[in-house]
Each structure stands twice: as structure tokens, then as C-alpha cells.
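Colleague: Could you take me through this model step by step, giving the cut-offs behind each term as you come to it?

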Amino acid sequence: FNVFMKKNVGKSISDAGVSYADLKISSGSLQGVDYECISHAGANAVEITWADNTNDTTAFANDEIVVAMITEDTGDVVNSIAPATRADGTATVSFPASWDGINISLYVEARTADQKKATTTTRVMRFMGGSELAGSVQ
């Protein structure tokens, strides 16, 4: 039993299926990422930009940014651990070409470099693979 199971089973994961809008990837006390833009970054890639909201109390410059994408049709996952730090302000993450035409939920979390603390993460955006990201930023 872990935090993922505790936060999701019976809530966003039930006999009725998975509510991707409510799925919690992580839970913690770090300050969340301050998103500025999520955009198409070429074939099968997204670029995420954020403001550096480092404060050395609940948000650290070297916090690792973790991006997870989950297909809503099959449950396949791309998890990109630490493509950037909070101070970097941008990360580009690719997903398989086979995801074209499939609904994808995108989640972002920050966690300390020692991986002892994390942000509470919820879905940032839902989009269709291969599209120009005409999805909803949440």
C-alpha cells in the first residue's frame, strides 16, 4: 500500500474506471509549479514552461520536475523524471507516435533532489496526441 493507492483507489480509480481529471500522481508539502504555457513542440512532444517560484522554504531551485503522460484509452504511461529543475523554467517531453489520435492526460510534479518531498499533483492538461494541443489547461 502506498500514497498513490491511498489517494486514488475508491476515489479517482473505482469499479466505474479511472477519472483522469482527479488522479493524484503525488502528494506532498512542496509548493506547486507555476505554469505559464504548455505548447506543441514538434512531432509527438510537448514543451512545458513555468515561472521559477523558488523561495528556499517550500520551493527549491534544484527541485526535479517530473512529467507524466497517461493515455486515457489504454493506460500506457510516459514518465520523464527530472528533464529539468524548478529553476530551469522549461522542459520538453516526447511521447510515442502510436499515441496520435488518443486522449492524453498530462501531469507535472516537483520533488526535492533527495526525493523526500513532493508537490501534490493533479492533471495539468488533457489533449489528443498528434494535435496542436487544443486541449484544456487545468
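The exchange below goes from the whole chain to single strands and residues.

Modeller: Before we start, note that this is a predicted model, in which local features need pLDDT of at least 70, side-chain atom pairs count only at pLDDT 80 or more, and totals for chains, interfaces and linings use all residues. Residues are numbered from 1 along each chain as its sequence is written, and side-chain values use heavy atoms, with hydrogens and water left out.

Colleague: What does the secondary structure of the protein come to?

Modeller: Helices (H or I, at least four residues) and strands (E, at least two) are taken as DSSP runs and numbered from the N terminus. Along the sequence the pattern reads α-β-β-β-β-β-β-β-β-β-β. The total is therefore one helix and 10 strands.

Colleague: What percentage of the residues in the protein is buried?

Modeller: A residue is called buried under 20% relative accessible area, exposed over 50% and partly exposed in between, using a 1.4 Å probe and protein chains only. Of the 138 residues in the protein, the buried ones make up 40%.

Colleague: Which strand gives the most residues to the largest nonpolar core?

Modeller: A nonpolar core is a set of buried Ala, Val, Leu, Ile, Met, Phe, Trp, Tyr and Cys residues joined through side-chain atoms within 4.5 Å. The largest one has 21 residues, of which Met69, Phe95, Leu106, Val108 and Phe127 touch the most other members. Two or more residues come from each of strand S4 (45–51), strand S5 (64–71), strand S6 (77–85), strand S7 (90–94), strand S8 (103–111) and strand S9 (123–128). The strand that gives the most, with four residues, is S8.

Colleague: How many residues are in the other core that lies apart from it?

Modeller: This other core includes Tyr20, Leu23, Ile70 and Tyr107 among its members. Its residues number five.

Colleague: Why is S5 described as largely enclosed by the rest of the structure?

Modeller: In a regular strand the side chains alternate between the two faces of the sheet. In S5, Glu64, Val66, Ala68 and Ile70 point one way, while Ile65, Val67, Met69 and Thr71 point the other way, and all are buried. S5 is largely enclosed because the buried residues number eight of the eight.

Colleague: How many bridges join S5 to S8?

Modeller: Two strands pair if DSSP finds at least two bridges between them, and S5 and S8 run antiparallel. Ile65 has Ala110 of S8 as its bridge partner, and Thr71 stands opposite Ile104 in S8. The number of bridges joining the two strands is eight.

Colleague: Which residue of S9 stands opposite Asn103?

Modeller: S8 is mostly covered, with eight of its nine residues buried. S8 also pairs with S9 in the antiparallel sense, over five bridges. Opposite Asn103, in S9, stands Met128.

Colleague: Which residue lies 6.8 Å from Tyr107, C-alpha to C-alpha?

Modeller: Tyr107 is placed in strand S8 and is buried, with a relative accessible area of 1%. Leaving aside neighbours within four places in sequence, its contacts (heavy atoms within 4.5 Å) include Tyr20, Leu23, Ile70, Thr121 and Val124. The residue at that C-alpha distance, 14 residues apart in sequence, is Thr121.

Colleague: Which strands stand at the edges of the open sheet?

Modeller: The open sheet has three strands in the order S3-S4-S7, with antiparallel pairing. S3 and S4 pair over six bridges, with Thr49 in S4 as the bridge partner of Cys37. Because each has a single partner strand, one side is left without a neighbour in the sheet for both strand S3 (34–40) and S7.

Colleague: What is the angle between the planes of Phe95 and Trp99?

Modeller: Rings of Phe, Tyr and Trp (its six-membered ring) pair if their centres lie within 6.5 Å, and planes under 30 degrees apart count as stacked, over 60 as edge-to-face and the rest as tilted. Both Phe95 and Trp99 are buried, and together with Phe127 they form one aromatic cluster. Phe95 and Trp99 are stacked, at 6.0 Å centre to centre, and the angle between the planes is 20°.
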